[in-house]
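Me: Could you zoom in on one loop of this model for me? Please start there, and then show me how other parts of the chain look next to it.

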Amino acid sequence: MRNIVILTGAGISAESGIATFRGPGGLWEGHRVEDVCTPEALARDPALVHRFYDLRRAALATVSPNPAHEALVRLDREWPGELLIVTQNVDDLHERAGARRLLHMHGELRSALCASCSARCAWAVALPLATDCPSCGASALRPDIVFFGEMPYQMERIDAALSRADLFVSIGTSGAVYPAAGFVQLARHHGAATLELNLDPSEGSAWFDETRLGSAGTLVPAWVHEVLTSGEPSSRT
């Protein structure tokens, strides 16, 4: 069996109407990163942080998966080898499209995290301050978002998948946020072919064997069709 690891970033969700972090008028408009996405921000102004993510969570109701998400679901369903979709995105568009072999390394908007016992629970509505944790009872639920300075989720699983990958594909990422930006180097170290699908070259484009530029909604379905037709995950076919 042939193994594929896919990393998705803000660019794949941008085509569904979710603003990107680094683009003009991006996700964090009106707020510095330090105000809404760090442990210090949560300690300094928890009401602002909760309100910010409440608005982002509510906005999910206004967007839908696009052809790029749907194409990856086709790959998830039909690819006989190992496949892992690692997303940096905190939206639920991959799941709503039907993806199963998926993990969120930076957390999820529709999840809450207990700052006391570290339990995670599904959460689809506003998250008031001092909400009780259903696991331990502490009034300590916070947005289940990996803040800057915190360790992303499931890094051991990601590292293991990259070590076995025959192909690593990066879709819609800036190549500027670590540790995700280093995945291409790790995959290459283990002998994987590497492919970038992006609107513009990322900061790490030089590390990829091949870069294809264009919209995710066009590039991803074409690539998935190519892979499933050939039965070969290499970007060099």
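Reply: Quick vocabulary first: helices (H or I, at least four residues) and strands (E, at least two) are DSSP runs, numbered from the N terminus. This is a predicted model, so local features need pLDDT of at least 70 and side-chain atom pairs count only at pLDDT 80 or more, while totals for chains, interfaces and linings use all residues. Residues are numbered from 1 along each chain as its sequence is written, and side-chain values use heavy atoms, with hydrogens and water left out.

The loop to zoom in on runs between β7 (167-171) and α8 (183-189), and Pro179 is found in it. What makes Pro179 worth a stop is the bond leading into it: the peptide bond from Tyr178 to Pro179 is cis, with omega near 10 degrees. For background, most peptide bonds are trans, and most residues other than glycine have a negative phi.

Now step back to Tyr178, on the other side of that cis bond. Tyr178 also lies in the loop between β7 and α8. Is Tyr178 buried or exposed? Its relative accessibility is 56%, so Tyr178 counts as exposed (over 50%; buried is under 20% and partly exposed is in between, with a 1.4 Å probe and protein chains only). If you want a landmark from elsewhere in the chain, try Ala10: Tyr178 and Ala10 are 168 residues apart in sequence, and their C-alpha atoms are 14 Å apart in space.

Thr173 has its place in the loop between β7 and α8 too, but there the exposure goes the other way: Thr173 counts as buried, because its relative accessibility is 8%. So who does Thr173 touch beyond its neighbours within four places in sequence? Contact here means heavy atoms within 4.5 Å. The partners of Thr173 are Leu7, Thr8, Gly9, Gln88, Asn198 and Ser202. Take Gln88 from that list: Thr173 and Gln88 sit 85 residues apart along the chain, yet their C-alpha atoms are separated by 8.6 Å.

Two other loops have backbone quirks of their own. Ser118, in the loop between β4 and β5 (120-122), has a positive phi of about 70 degrees although it is not a glycine. Ser118 counts as exposed, given its 53% relative accessibility. Then there's Ala130, in the loop between β5 and β6 (141-145). Ala130 isn't a glycine either, and its phi is positive, near 60 degrees. With a relative accessible area of 54%, Ala130 is exposed as well.

Ser118 also leads you to Leu113, because Ser118 is one of the residues Leu113 touches once you set aside those up to four places away in sequence. The others are Ala119, Arg120, Ala140, Leu141, Arg142, Pro143, Asp144 and Tyr153. Leu113 lies in strand β4 (residues 107-114) and is buried, with a relative accessible area of 13%. Ile85, on the other hand, is 28 residues from Leu113 along the chain, and their C-alpha atoms are separated by 22 Å.

For an exposed helix residue, look at Ala43 in α3 (residues 39-44), where the relative accessible area is 66%. From Ala43 to Tyr53 is ten residues along the chain and 15 Å between C-alpha atoms.

Want to see two helices against each other? Helix α5 (residues 67-78) and helix α9 (residues 216-230) pack at an angle of about 20 degrees, with their axes 7 Å apart. On the α5 side, the contact includes Pro67, Ala68, Ala71, Leu72, Arg74, Leu75 and Glu78. Across from them in α9 are Ala216, Gly217, Val220, Pro221, Trp223, Val224, His225, Val227 and Leu228. Axes are lines fitted to C-alpha atoms, for helices over the stretch in contact, and angles run from 0 to 180 degrees between N-to-C directions.

Last, the cysteines. A disulfide is a pair of cysteine sulfur atoms within 2.5 Å, and by that rule the count is zero. Why is Cys37 left out? Its closest cysteine sulfur, in Cys121, is 19 Å away, which is too far for a bond. Cys133 is in no disulfide either, with the nearest cysteine sulfur, that of Cys114, 3.7 Å away. Cys37 counts as buried at 3% relative accessibility, and Cys133 counts as buried at 5%.
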